[in-house]
Amino acid sequence: MSEHRSPRVNKARMADFKGQAVRLIAKVLSIRDDVAIVEASDGGEVEVKLLKDVTIDTPFIEVIGQVVDERTLKMMGCVKHGSDVDRKLVNDIVEIWHDPKFASVF
């Protein structure tokens, strides 16, 4: 079952998951052609290589994607989160996810 796990990450945690599927909740800053620049919950900027014909029409999205490198995700899917996301709360959840004290939960 662990092969289907997609941990939540912020920009700082992406380098630990190169080649793996992750989830990144972020604010969309710009979209050009097949690339979106988003701001992760920790304030870091991430380049997202978009799926063909994907429509992003909300300011906040969750990208399910494969980590290409420490600043790039290749989108596998997208969940729209509307226009109001508490990024501090999202970042706290990301950090709890990776805290060894909570390993049995996640």
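Reader: What makes Val48 the bridge partner of Ala36 in β3?

Author: This is a predicted model, and in it Ala36 is bridged to Val48 of β3. Five bridges join β2 (the strand with Ala36) to β3, residues 45-49, and the two run antiparallel. Two bridges are enough for strands to pair, so with five β2 and β3 count as paired.

Reader: How do you know that β1 and β2 pair, and in which sense?

Author: Same test. β1 (residues 21-32) and β2 (residues 35-40) share six bridges, antiparallel, and the cut-off is at least two, so they pair. One of the residues involved is Ile31, whose partner in β2 is Ala36.

Reader: What sits between the strands in the two hairpins?

Author: Between β1 and β2 there are two residues, and Asp33 in that turn has a positive phi of about 55°. The hairpin of β2 and β3 has four residues between its strands, with Gly43 at a positive phi near 90°.

Reader: Why is Val46 called a core residue?

Author: Core members have to be buried, nonpolar and joined through side-chain atoms within 4.5 Å. Val46 belongs to the largest such core, which has 19 residues, and is listed with Leu24, Val38, Val48 and Leu73 as touching the most other members. β1, β2, β3, β4 (60-69) and β5 (72-80) each give two or more residues, and β1 has the largest share, four.

Reader: Which residues farther along the sequence is Val46 in contact with?

Author: Leaving aside neighbours within four places, the contacts include Leu24, Val38 and Leu73, along with Lys11, Met14 and Arg71.

Notes: Residues numbered from 1 in each chain as written. Predicted model: local features only at pLDDT ≥ 70, side-chain atom pairs only at ≥ 80, totals over all residues. Heavy atoms only, no water. Buried < 20%, exposed > 50% of the residue type's maximum accessible area, 1.4 Å probe, protein only. Contact = heavy atoms within 4.5 Å.
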